[in-house]
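Welcome! Have a look at the model below, and then read on for a short tour of its main contact surfaces.

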There are 2 protein chains.
Amino acid sequence: MEQYDASKYEKPSVAVDLLVFTIEDRRLKLLMIEREEEPFCGMPALPGVFVRMDETLDETAERGIAEETGLSGIYFEQLYTFGDIHRDPRMRIISVAYMALVPVEKLAYKAGERVRTAYLEDVEDLLAGDKEIAFDHRKIIEYARWRLANKVEYTDIAFHLVGKLFTLPELQIVYEVLLGKELYKANFRKKMADLIEETEYMTSGEAHRPSRLYRRKES
Amino acid sequence: MEQYDASKYEKPSVAVDLLVFTIEDRRLKLLMIEREEEPFCGMPALPGVFVRMDETLDETAERGIAEETGLSGIYFEQLYTFGDIHRDPRMRIISVAYMALVPVEKLAYKAGERVRTAYLEDVEDLLAGDKEIAFDHRKIIEYARWRLANKVEYTDIAFHLVGKLFTLPELQIVYEVLLGKELYKANFRKKMADLIEETEYMTSGEAHRPSRLYRRKES
DNA sequence: TCTAGTTAGTATATTATTACTACTAACTTC
DNA sequence: GAAGTTAGTAGTAATAATATACTAACTAGA
C-alpha cells in the first residue's frame, strides 16, 4: 500500500445492499423492492444505499434499514462483500451486503411508514426455478440463505426472529425454517433449556392446549 | 440506490488487506510487514493492495498474495470488510480483508523471491499484551483468529495448512493450534477416518517410530 | 356435557460421540 | 541392546444426540 497515491486513480463506488429477513406463516421471507428503472427494470432487487464519506459501513446499513422499514435498533450483521467488475452494468460498484433479522410483528407495525414500496418475498419461492432477479442479487440471497442455515447451528441468531416473549413451538418453527428440516420437540426443548427462562404467562384462545411464554436468559 | 448519481459524490478508496496464515513449530504464524513510512512507521502491519478498476476483489487478493509470497493457487477466502471512517488517518479507505492458508513448506520455498520484506510473526505473541499494530489491524487479526478457531470445527480448512501428504500427528497439531486446545489422539483419528486415505508411504529418519503418510480423500 | 380434533409438553429408550486410560509398536542414539 | 521418544490401537465410562411413545389442556361442535 506504500508508494501509491490513491487520489490519482479512479475509485469504485461503494454501496450497502440489505437483506432484511423475517419469518411469517412458517416461511422465510425477505424484504425486496421492485426496480423502477433500467437496468433490470421491473425485476425484484435488494434494497441498497450508497456509503457516504461521513459514515461507517455499519452506519450505512442502519440508515438503509431505517429507510426501508422505519425501524431502528434491530439486529444486523455484515454478510459478505461483492466486487465483480460488471455486477452493475452502469459502473463499478462494490457492494457490502448486510443481513438484518426482525420479528414479523415489528415489520408489519411499521409498514405504512416505509419510504419506498418494499414487500416481503418468500425466499424459497424466489430462489426456486430460474426466476430473474436484478444484478447479482440471486447470488447474494443464496449466500445469505446458506449463512443463515449455518449460523443457526452454532449461534443464537434465531432469537432475533421472535419477539421478547415467545413460546417454544414458535421458536422451534424458526429453527426448523432456517435449517430446512423438522426437529424433535423433546430434544429441541432440552437444548434450549439453558438459553431461556420461563415466564408466568401462557397463550390462550386457541383450540388446543395453551403454550407457556418464555424469554431469553441474560447470562 | 435509485435517484442517485454516484459519479457526483466523493468516493472512498477500496483496498484488500491480506492475512496469510501458516503453522510453524506448533505455532500459528501470520505474514506481516514492517511499515516504512508514516503513519505507524516502524510498526507491524498487514500487507495490503488497492483494488484496481479492472479486477474483482478475489483477483486483487490473488495478486496481493502473489506479490507478498510469490505463490499462486493457494487457498484464500474473504474475511470481513472494515469501513471505519478514520481507520487510515490519511484518507477514507475501506478495506476488504482476505485470509489465506498455506503450508509452511511452500512459504519457505519462495522466501527469496518476495517483493517486500514480509516476515512471519507468531500470532499469539502479536496479540498478547498491548503491543502496537498499525491501523485497525489488531482488530482484523483478532477477528481472523476467532474465525479460524470457529471454522476449523465445521469445515475442512485445516487441510490447507498441511501439504498434499501429511501424517496424522501433523494434522492433529494443526487442529490443536487452531482450536487452542489439546485433542485426544484416538478420537481425533476416528473423526478424520472418513476424510483421509492411507498412502503406502511412511516418514523416516526420526528417532522414533515412523508415521504413515495420508492424503485427503476426494469424495 | 361429552367427544373429537388439535397442539403442548414429558418420559424414556437407543445410539453416537466425547473424555479418558492404558497399553503395544517401531524407530534412533548412545 | 537398553533408553528415549513418538506412532498407533484397544477399550471403557460419561455425556450428548436421536428417536419413539406417551400424557395434558384447550376449543368446537354434536
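How much area do domain 1 of chain A and domain 2 of chain A bury between them? The answer is about 880 Å², with 73% of it on carbon and sulfur atoms. Please keep in mind that this is a predicted model. The points below begin with those two domains, move on to the two chains, and end with the DNA strands.

**The two domains of chain A**

- Domain 1 of chain A covers residues 12-154, and domain 2 covers 162-216.
- Taken over C-alpha atoms, the centres of domain 1 and domain 2 of chain A are 28 Å apart.
- On the domain 1 side, 11 residues are in contact with nine residues of domain 2 of chain A.
- Three residues, Ile23(A), Arg26(A) and Val152(A), supply 55% of the area that domain 1 of chain A buries against domain 2 of chain A, more than any other three residues.
- The rule finds zero salt bridges across this interface of domain 1 and domain 2 of chain A, while two residue pairs are in polar contact there (both at pLDDT 80 or more).
- β2 (27-34) and α4 of chain A each supply at least two residues of the domain 1 side that touches domain 2, and α4(A) gives the most, with five residues.
- By class, that side of domain 1 of chain A has six nonpolar, no polar and five charged residues.

**Where chain A meets chain B**

- Here, 43 residues of chain A are in contact with 43 residues of chain B.
- Chain A and chain B bury an area of about 3700 Å² between them, and carbon and sulfur atoms give 59% of this area.
- Which elements of chain A give two or more residues to the side that touches chain B? They are β1 (13-24), β4 (48-50), α1 (57-69), β5 (75-82), β6 (93-101) and α4 (137-154).
- That side of chain A is made up of 20 nonpolar, eight polar and 15 charged residues.
- Between chain A and chain B the rule finds zero salt bridges, but it does find eight residue pairs in polar contact (both at pLDDT 80 or more).

**Around DNA strand C**

- DNA strand C is surrounded by 19 residues, and the closest are Lys185(A), Ala207(A), Arg212(A), Tyr184(B) and Asn187(B).
- Sugar or phosphate holds 58% of the strand C atoms within 4 Å of the protein, and the rest belong to bases.
- Arg189(A) places a polar side-chain atom 3.0 Å from a phosphate oxygen of strand C, and an N or O atom in the side chain of Asn187(B) is 2.4 Å from a base nitrogen of strand C.
- Both α6 (185-192) of chain A and α6 (185-192) of chain B give two or more residues to the surface near strand C; α6(A) gives the most, with four residues.

**Around DNA strand D**

- DNA strand D has 18 residues around it, the closest being Asn187(A), Ala207(A), Lys185(B), Ala207(B) and Arg212(B).
- Of the strand D atoms that come within 4 Å of the protein, sugar and phosphate account for 59%.
- Backbone atoms reach bases of strand D: a polar backbone atom of Arg209(A) is 3.1 Å from a base nitrogen, and a backbone N or O atom of Ala207(B) is 2.7 Å from a base nitrogen.
- An N or O atom in the side chain of Ser211(B) lies 3.0 Å from a phosphate oxygen of strand D.
- α6(B) gives the most to the surface near strand D, with three residues.

Technical notes: Residues are numbered from 1 along each chain as its sequence is written. Chains are lettered from A and ligands numbered from 1 in the order in which they are written. This is a predicted model: local features need pLDDT of at least 70, side-chain atom pairs count only at pLDDT 80 or more; totals for chains, interfaces and linings use all residues. Side-chain values use heavy atoms; hydrogens and water are left out. Contact means heavy atoms within 4.5 Å. Buried area is the accessible area (1.4 Å probe) that two parts lose on being put together, summed over both. A salt bridge is a side-chain nitrogen of Lys or Arg within 4 Å of a carboxyl oxygen of Asp or Glu. A polar contact is a pair of N or O atoms within 3.5 Å; within protein, one must be able to donate a hydrogen and the other to accept it, and residues adjacent in sequence count only if both atoms are side-chain atoms. Ala, Val, Leu, Ile, Met, Phe, Trp, Tyr, Cys and Pro count as nonpolar, Asp, Glu, Lys and Arg as charged, and the others, Gly among them, as polar. A residue is near a molecule or strand if one of its heavy atoms lies within 4 Å of it. Domain bounds come from an automatic or database domain assignment.
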